[in-house]
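Colleague: I am new to this structure and would like to go through it with you step by step. Could we begin with the charged side chains and then turn to the core?

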Amino acid sequence: MMSQEVKRFHPAWIVVEFFALMKNSIAIFLFLFVLKINSTSTWIVWGRYIFLIGITWTLILIVLKWFLYRYEVVGDSFVLKEGVFVKEQRTVSFDKIQNHHSKTTFIHKWFGLTSLTLETGTTVEGSAVNFPVLTVSEKERILSRMLDKAPSEDEGDQDELEHGGEKKVHFRSNKKDLLKASFTSLSFLAIFPLLTTIYFNLADFFNIEDTAEGAFDYLLLHWWMLILLFLLAMVLSVGIGYLQTTIKYGNYEISDDVARIYIKKGVGSTSSFAISKEKVQAIVVEQSLVKRLLGLASIKLISVGEMKTEEQETSSLYPFMPKHEAYLLLETLLPHYPIQEKMDRFPIKVLWYKLLVPYYFTIIAAVGLFFFKKEWLWAAGVVFAISLVTRVLDYFFTSYLRQGNTVQIRKGGLTNETFITHYNRIQQVSVEHSWLQRWFGIATLYFQNRANPLHISELNGVSKDEAGEFYNWFKGKRKRLVRRERVS
C-alpha cells in the first residue's frame with residue numbers, strides 16, 4: 001500500500017487560529033477592559049480573570065493542536081490523526097468525497113497559503129476533511145492524488161490536469177452584473193441600520209440626544225440642506241453597497257469540464273467550489289419578489305456534503321443572473337436536469353382546501369393578544385389577512401411536472417422556488433392524507449433527497465390518483481435501478 005510522509009499543517013495555522021480567537025473575543029475584551037475600565041464590580045473583576053485564563057488556555061491548545069494534528073495519504077484514503085487529550089484517528093476513502101471547496105482569506109494571502117475542505121457523502125456532522133492552512137502546491141498535490149492524476153510543477157497546468165481535461169468558462173461577472181447585483185440585493189440600504197446602530201451605541205455613553213434633536217430641528221427649517229444630505233447619504237450608500245457586492249461577487253466565474261462544475265468568486269478574500277456532475281442531487285431555482293420583477297433567478301446545486309452558509313452561497317450559480325440565461329447555463333452544465341416552464345396546476349378545489357385548513361398561527365396570536373395585550377387584538381386580523389393572501393398566492397404559484405426520469409415542483413407565494421431532481425437521487429417517497437384532504441380527494445406527497453441537512457420536498461394538494469401513480473412510478477424505477485446495479 002502506497003503511503004506518504006505524515007505531515008503537520010503549515011505553522012501559519014497558529015497565526016490563523018490566533019486571529020480567529022481575536023475576532024471571536026474582541027467584543028468581550030472591549031466590554032470588560034474598555035467600556036467597563038473603571039468598574040470595580042465583583043462580576044466584572046472575575047469576568048476579567050476568567051477571560052484572561054480562557055485566552056491563555058486557548059492559546060496553549062492552539063499550539064498543542066498544531067503539534068499533535070497529523071495527516072497522510074495512504075493508498076486511496078486520507079488518514080487524519082486528531083485530538084489533544086483524547087486521540088482520534090479517522091480514515092476517509094477518496095470515493096467518499098462528494099465535492100471540494102477552497103477559501104483564501106486575507107491572512108492566507110499574506111503567507112501565500114490557502115485552505116481546502118473535502119465534503120464526504122455522509123450526513124454526519126464533522127465528517128468533512130478540513131485542511132485549514134495549506135500551501136497552494138500541497139493543495140494541488142492532495143487534489144491530484146484524490147483524482148488519481150500526476151501532480152505538475154506548474155500551477156496553471158496543474159489546475160487543468162487536476163480536473164481531467166480542458167475547462168470551459170461559461171460565465172464571468174462584469175461591472176454591469178455587479179451593479180445589478182448591488183441593487184437587487186438591496187445592500188446599498190445597509191448603511192442605514194449601520195448608522196442607527198452607531199447612533200444608539202454612542203447614545204449609551206455620550207449625551208448626544210439633545211444635540212441630535214437640535215440638528216434635526218435645524219434641518220427641518222432648512223429643508224434644502226436635508227434633501228442635500230439625503231442625496232449624499234444615498235450616493236454613499238450606493239457606493240458602499242457596490243463595494244460590498246464587488247468584494248463578495250467580484251471575479252465570479254462558472255466553468256466546467258467533462259466531469260465537474262467549478263465556481264469561484266471574491267475579491268481579496270476568494271473562495272472556490274468544485275463538484276462532480278454525477279454527485280449533484282437536485283437543482284433549486286429561487287426567485288424573490290424583487291428578482292421576479294427584474295427577471296433574475298438564483299440556481300443552487302444540492303449535494304450531500306456538510307456545507308456552512310457561506311459555502312452554500314458558493315455552490316450557487318451566480319445568484320443575480322437573468323432567468324433565461326440561467327436556464328441556458330444549467331442546460332449546458334447539467335443537461336439531464338431539464339427545466340420546463342409549462343407545468344401542471346392543481347384544480348380549484350385545492351384552493352378551497354388550503355383556505356379551510358385551520359389558521360393555527362392566527363389562533364395563537366389572537367389568544368396571546370387577548371390575554372397579554374388586549375388593545376392590540378386587531379393585529380390578529382392583520383395576521384389572518386396575511387395568512388389568507390399567502391395561501392392564495394401559494395395556490396396560484398404551485399405546480400408540478402413528472403416527465404421521463406425527473407420530477408419538478410414549483411411553489412411559494414412571495415418567494416418562488418422550483419425544485420427538480422432525478423428519480424435515482426430520491427431516497428424515499430411517502431404519501432399522507434388528513435381527514436380534510438380525504439374529503440377533497442387529495443394528498444400530500446413527500447420525497448427525500450440526500451443532503452446535509454436531509455432535503456425533504458413536499459407537494460401538498462396532489463390528487464390521490466396522481467399520488468398513487470407517482471408512488472408506483474418511483475417504485476418501478478427503483479426496482480429497475482437496483483436490478484441494473486446487481487447485474488453490473
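**Salt bridges and core**

Modeller: In this predicted model, a network of salt bridges links Lys 7, Glu 138 and Arg 141.

Colleague: How many residues apart are Lys 7 and Glu 138?

Modeller: The two side chains form a salt bridge, with the closest N and O atoms of Lys 7 and Glu 138 lying 3.2 Å apart. Lys 7 belongs to the segment before α1, whereas Glu 138 is in helix α4, so the pair links distant parts of the chain, and the separation is 131 residues.

Colleague: Is Glu 138 buried or exposed?

Modeller: Buried means a relative accessible area under 20%. Lys 7, at 25% relative accessibility, counts as partly exposed. Because the relative accessibility of Glu 138 is 8%, Glu 138 counts as buried.

Colleague: How many of the 11 residues of helix α4 are buried?

Modeller: Among the buried residues of α4 are Ile 142, Leu 143 and Met 146, and also charged ones including Lys 139 and Glu 140. Helix α4, residues 136-146, is largely enclosed by the rest of the structure, because the number of its residues that are buried is nine.

Colleague: Which helix gives the most to the largest nonpolar core?

Modeller: That core has 30 residues, and Ile 254, Ile 283, Tyr 318 and Leu 334 are those with the most contacts inside it. At least two core residues come from each of α6, β9, β10, β11, β12 and α12. With five residues, the element that gives the most is α12.

Note on methods. Residues are numbered from 1 along each chain as its sequence is written. This is a predicted model: local features need pLDDT of at least 70, side-chain atom pairs count only at pLDDT 80 or more; totals for chains, interfaces and linings use all residues. Side-chain values use heavy atoms; hydrogens and water are left out. Buried means under 20% relative accessible area, exposed over 50%, partly exposed in between (1.4 Å probe, protein chains only). Helices (H or I, at least four residues) and strands (E, at least two) are DSSP runs, numbered from the N terminus. A nonpolar core is a set of buried Ala, Val, Leu, Ile, Met, Phe, Trp, Tyr and Cys residues joined through side-chain atoms within 4.5 Å. A salt bridge is a side-chain nitrogen of Lys or Arg within 4 Å of a carboxyl oxygen of Asp or Glu.
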